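Me: I would like to go through this model with you and ask how each label is earned. Shall we start with its pockets?

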Amino acid sequence: MFLGPSGVGKTTLAKILAAKIGCDPHVGIIELDAARHGDIETLKDTIEDMEYQPLKGQNKMLILDEVHAVSTKAWQSLLKIIEQPPAHAYFALCTTESKKIPETIKTRVTTYTLNSVSIKNLYDYASVVNEIEDLQRTDEMLRLIASNSNGSVRQLLNYLGVIRPAATLEEAASMIQTYVEDTTK
């Protein structure tokens, strides 16, 4: 289980792990957003698919994003396969809310906790992206988005896109404010 705040790389780490254990990126990794598809029927179908050997690669991985949203009945199906998985089946549970994960699941998985990314590391990352993508954002703009990203790499990248047309720091700040207001409505 990968636990941590939004946008710090839980799902990305799960995909890297899948590649390292021999899952083909096209047919060996099943990614499911439990917030949208956490019902018993969807999960049962997905778990049934996990029973079969992958068409390519050595293993299969089911990445359950937002796993805290899985329905109560669906947890029972998930628990059964986690306790007795096929040799080729692996599971990555990604969540921001460990309190909503049943103890019966928590005691059967290894948990890796990811923390928010520091403003300095976000700034450094933004600087690298700025250079590679030739975005021509000023250091002040990069500091602004790093300090407003709430420790989230995903949010930082969103803000880099939002401020792309900004010519000044003030314009960048205004664009971020408008974006925040629009996304919280």
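Reply: Gladly! Strand S4 gives the largest share of the lining of the largest pocket, 5 residues. Please keep in mind that this is a predicted model.

Me: What makes up the rest of the picture of the largest pocket: its volume, its lining and the residues nearest its centre?

Reply: The space in the largest pocket is about 310 Å³. Its lining holds 16 residues, and Met1, Tyr90, Phe91, Ala92 and Val109 are the ones nearest the centre.

Me: How do you know whether the lining of the largest pocket is mainly nonpolar or mainly polar and charged?

Reply: By sorting the residues: 14 are nonpolar, 1 is polar and 1 is charged. Ala, Val, Met, Phe and Tyr count as nonpolar, so Met1, Tyr90, Phe91, Ala92 and Val109, which lie nearest the centre, belong to the nonpolar class.

Me: How does the lining of the second largest pocket divide into nonpolar, polar and charged residues?

Reply: There the division is 3 nonpolar, 7 polar and 4 charged. The second largest pocket has a volume of about 190 Å³, and its lining consists of 14 residues, with Gly7, Gly9, Lys10, Thr11 and Arg154 nearest the centre. Helix H1 (10-20), S4 and H8 each give two or more residues to this lining, and the largest share, 3 residues, is from H1. Gly counts as polar, while Lys and Arg count as charged, so Gly7 and Gly9 fall in the polar class and Lys10 and Arg154 in the charged one.

Me: Why is Thr11 called buried?

Reply: The relative accessible area of Thr11 is 15%. Buried means under 20%, so Thr11 qualifies. Thr11 lies in helix H1.

Me: What makes the pair of Thr11 and Asp65 a polar contact?

Reply: Their side chains come to 3.2 Å. The limit for a pair of N or O atoms is 3.5 Å, so this distance is within it. Asp65 also takes part in strand pairing: it is the bridge partner in S3 of Asp33.

Me: How do you know that S2 and S3 are paired strands?

Reply: Pairing asks for at least two bridges; S2 and S3 have 5, in the parallel sense, so they pass. Another 5 bridges join S3 (residues 60-65) to S4 (residues 89-95), and these strands also run parallel. On that side, Leu62 has Phe91 as its bridge partner in S4, and Leu64 has Leu93.

Me: What makes S3 a mostly covered strand?

Reply: In S3, 6 of its 6 residues are buried. Lys60, Leu62 and Leu64 point one way, Met61, Ile63 and Asp65 the other way, and all are buried.

Me: Why are S2 and S5 said to stand at the edges?

Reply: The 5 strands form an open sheet in the order S2-S3-S4-S1-S5, with parallel pairing. Strand S2 (29-33) and strand S5 (112-113) each have a single partner strand, so one side of each is left without a neighbour in the sheet.

Me: Why is the pair of Tyr159 and Tyr179 called edge-to-face?

Reply: Planes over 60 degrees apart count as edge-to-face, and here the angle is 85°, so the name fits. The centres are 5.8 Å apart, which is within the 6.5 Å needed for a pair. Tyr159 is in helix H8 (residues 153-162) and Tyr179 in helix H9 (residues 169-183), 20 residues apart, so this pair links distant parts of the chain. The model has 2 aromatic pairs by this rule.

Me: Are these two tyrosines buried or partly exposed?

Reply: Tyr159 is buried, as its relative accessible area of 4% is under 20%. Tyr179 has 24% and is partly exposed, because that value lies between the 20% and 50% limits. Asp182, found in helix H9, is also partly exposed, at 47%.

Me: What does the chain as a whole come to?

Reply: It has 9 helices and 5 strands. Of its 185 residues, 40% are buried, and its C-alpha atoms fill a box of roughly 55 × 35 × 25 Å along the principal axes.

Notes: Residues are numbered from 1 along each chain as its sequence is written. This is a predicted model: local features need pLDDT of at least 70, side-chain atom pairs count only at pLDDT 80 or more; totals for chains, interfaces and linings use all residues. Side-chain values use heavy atoms; hydrogens and water are left out. Rings of Phe, Tyr and Trp (its six-membered ring) pair if their centres lie within 6.5 Å; planes under 30 degrees apart count as stacked, over 60 as edge-to-face and the rest as tilted. Helices (H or I, at least four residues) and strands (E, at least two) are DSSP runs, numbered from the N terminus. Buried means under 20% relative accessible area, exposed over 50%, partly exposed in between (1.4 Å probe, protein chains only). On a 1 Å grid over the protein atoms alone, a cavity is a set of points where a 1.4 Å probe fits but cannot get out, and a pocket is an open set with protein on both sides within 12 Å along at least five of seven lines; lining residues have an atom within 4 Å of a point. Grid points are joined across faces, edges and corners, and a volume is the space filled by probe spheres set on the points. A polar contact is a pair of N or O atoms within 3.5 Å; within protein, one must be able to donate a hydrogen and the other to accept it, and residues adjacent in sequence count only if both atoms are side-chain atoms.
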